[in-house]
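Welcome! Please look over the sequence and the 3D structure below, then try the exercises before reading each solution.

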Amino acid sequence: MKVSVIIPYHGEDLYLNDCLDSLWDQTYKDFEVVLVISGGKEPSITSVYDAIDIKIVKSDEENVCAARNTGLDAASGEYVVFLDCDDYLDANFLEKLVQCGADSKCDLMFGRMIYTWYKREFFLRKESVEAEEDDDEGRASDEESEDEQGGDSVVFIDNVEAGDSAEIIQKKKIDMAGKYLVSKRKSFYFVTALGVMYSRKFLCENDIKFNEDLEHFYDIPFLAHVLDRCEFVNADADAHYVKRKHNDPIHMPSLSQTVGKDEFDCIYRAYKLMLDVTGNGTELRNKFERKLVGYYSSSVAPAIKKNEDKAYRKKHAPRLKELMQDLSPEVYSELSRYRKKLVDSLKCDDYGRISKIISRRNIINLLKYSVTHHNYIRKIKDIMYKHRYSRQPVMQNVVLFESFFGKSYSDSPKYIFEKLNEMYPDKYECVWILEKKTKLPYPAKQIKRFSFAYFKYLARAKYIVFNSRQPKSFIKRKENVFLETWHGTPLKKLVFDMDDVLSASPTYKKNFYIQSRSWDYLVAANGFSDEVFRRAFEYDKHMLKFGYPRNDILHSPDRDKIAEDIKQKIGIPSNKKVVLYAPTWRDDEFYKAGKYKFTLRLDLAAMKKELGDDYVIILRTHYFIADKIDVSGAEGFVYNLSKYDDIAELYLISDILITDYSSVFFDYANLKRPMLFFTYDLDKYRDVLRGFYIDMEKDIPGPLLFNTDEIIESIQNIDEVQKKYASVYEVFYERFCGWEDGHASENCIREVFK
Ligand code: C2G
């Protein structure tokens, strides 16, 4: 047997198949899998994997190190590879590494680590897509640390030159292994024993094992030991080990996501063990020391400054000082003046000086940032928000409104605003976040999103009424009352009901969890939403169960008159019937977060030819769509109202709705008018991108259509379509619109504004 692949397993069924599939697909076949079970839960391995030689062994300890060591004892391969059961290998990983160890007797061969958020199926299809870390607010987040970001930025260099002696070549290669596996990045998370093929004889002869006392950062002493002893090393940058980042740190955290507050303790223990196996002043030791100084200056020193009750510094500073005591003169001499000062201050326990150095550094960084970044004002605003506005008193009668990130005056916040003014004239001071200046029916201050005023009101308004998520940096204050109206009954699975997150924001679940902790009231338009939101959002606070404020207008006694006026205002001829086409967005088609692509799949020319005498079409794209749809040639027939504020007004003037997977159909059903579903990408949307809560083939009150011809035909025979779906419509209405009586705004206000 050439290779043993050692996989610790602790009940992570969700990921194991991806891991085994990647082994099944290996181009190199002479390997065994040693699956080490800890924690008692047996994996369910189907016969699909019969072709792989899987040896199952049990570990007594519930600990990754113990499992890996048990695997090492049970392995019979000439080489061993450690594979975490939530990760997977590229199909040629084993072949490439076996090949690059073939001509010399290598102690280890290593490949490249690739980081991904995705399961294997999607990773293989979409490898080239670099998803952005984002807060789902249309701007890339600068709050994420370097260490959390996707992709692998470490340069993989083979610096061997012609004319180098065999001895020099090996020295360079070992150095490269140190550079790559210990890595220059400041975080200790990037020290990894993975992505490497080790000679089993080498590990045994040098008695190299994992230290079973460690729960985290155990690769540090292991790798230090390996790199200290190895003599022959080789590498192939095309052998990829794919490390999966977990998108749900709340329910399914990876080990590194569970470290939390104990991070320093864990690093301290692992680092001490590293010191035992590496000699003073060696290049290997220097690498770890550089990393330690980096960790100190980027994480520990700012925490020492921040920590007001001094507990953190009392606990950590002396131990960090102990680790720094023997810092090699070489590493010290390379440090920047700033880092030298930090190290010196720590060595003489001068925490006040550390605070001062960090403060000065923050100011210098801000100034530097202001020279190099055009959006430095935003940084200043963040500082003002955190350190000034949030410390000023809450303004008792101020209500801050936002709908779709300030893109429109619309949705439930609009109807709550209007009803609030009607019920309590002059009682509340209202502030609207709006991108464009808008004529409002009641007095309200209008401010721009992310302006100074925005941060001021975000910090100081007592009431906040939003229909989407607030920024991650929002600080909830005791006196705040946060009314989250949300923006639709869900068809598409949400947050914790989702598996992979394929949109532009892979940190969606974590961010959502943080943001929704601030909500005091959430609106559910029906019993179905109540149930889904509680589960998918992990929401356990007050649920407002009166229907959607945004649908009050659809039940208004004078809705026909309102519709007539709107139609006139837009300029749609009164003799024409209206078809509203309002599709949603596609998670995987994006430029960046908040900016999505959309290709119109309707043949407008054909529709105009067949329907133009009786109908006009209103085209309405989702607020995430950045593409401008070209409707030239169809003027007078197509009205592109993608920027029209309130879609409820468009529902009112439409005779027929065409949508796809958008929540608009749950609202439109309040009118009991016919609906068509243009679901040309149903399989992908339902089975790959999101998953649905209800069965579109059975439970929705209209036909699923796949091309323009079918749509034209359905419109031409709309009475028959309506008849055919009448009974499904009734059941649907009862289930999703049953709570709506036109008074949701009023009822919500009575609950919240006391
Ligand atoms: N919307 C719109 N125009 C569209 C699509 C949507 O104005 N072409 C508005 C509607 O008010 C709709 C809301 O945006 O109800 C949400 O749109 P969805 O297409 O349902 O998509 P999404 O923003 O992902 O929200 O629980 C609901 C989900 O979160 C869906």
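**Exercise 1.** Between which domains does the ligand lie, and why?

*Solution.* This is a predicted model, where local features need pLDDT of at least 70, side-chain atom pairs count only at pLDDT 80 or more, and totals for chains, interfaces and linings use all residues. Residues are numbered from 1 along each chain as its sequence is written, and side-chain values use heavy atoms, leaving out hydrogens and water.

Start with the division of the chain: domain 1 (3-253), domain 2 (283-372), domain 3 (385-550) and domain 4 (551-737), with bounds from an automatic or database domain assignment. Next, look at the shell around the ligand: domain 3 and domain 4 both give residues to it, so the ligand lies between them.

**Exercise 2.** Find polar contacts (N or O pairs within 3.5 Å) of the ligand.

*Solution.* First take Tyr623, where a polar side-chain atom lies 2.7 Å from a ligand oxygen. Then go to Ser662, whose polar side-chain atom is also 2.7 Å from an oxygen atom of the ligand. Finally, an N or O atom in the side chain of Arg550 is 3.0 Å from a ligand oxygen.

**Exercise 3.** Is strand E6 largely enclosed or not, and which strands pair with E6?

*Solution.* Strands here are DSSP runs of at least two residues, numbered from the N terminus. Count first: 8 of the 9 residues of E6 (residues 108-116) are buried (under 20% relative accessible area, 1.4 Å probe, protein chains only), so E6 is largely enclosed by the rest of the structure. Now the pairing, which needs at least two DSSP bridges: E7 (residues 196-199) is antiparallel to E6 over 3 bridges, while E8 (residues 233-244) runs parallel over 8 bridges.

Conventions. A polar contact is a pair of N or O atoms within 3.5 Å; within protein, one must be able to donate a hydrogen and the other to accept it, and residues adjacent in sequence count only if both atoms are side-chain atoms. Helices (H or I, at least four residues) and strands (E, at least two) are DSSP runs, numbered from the N terminus.
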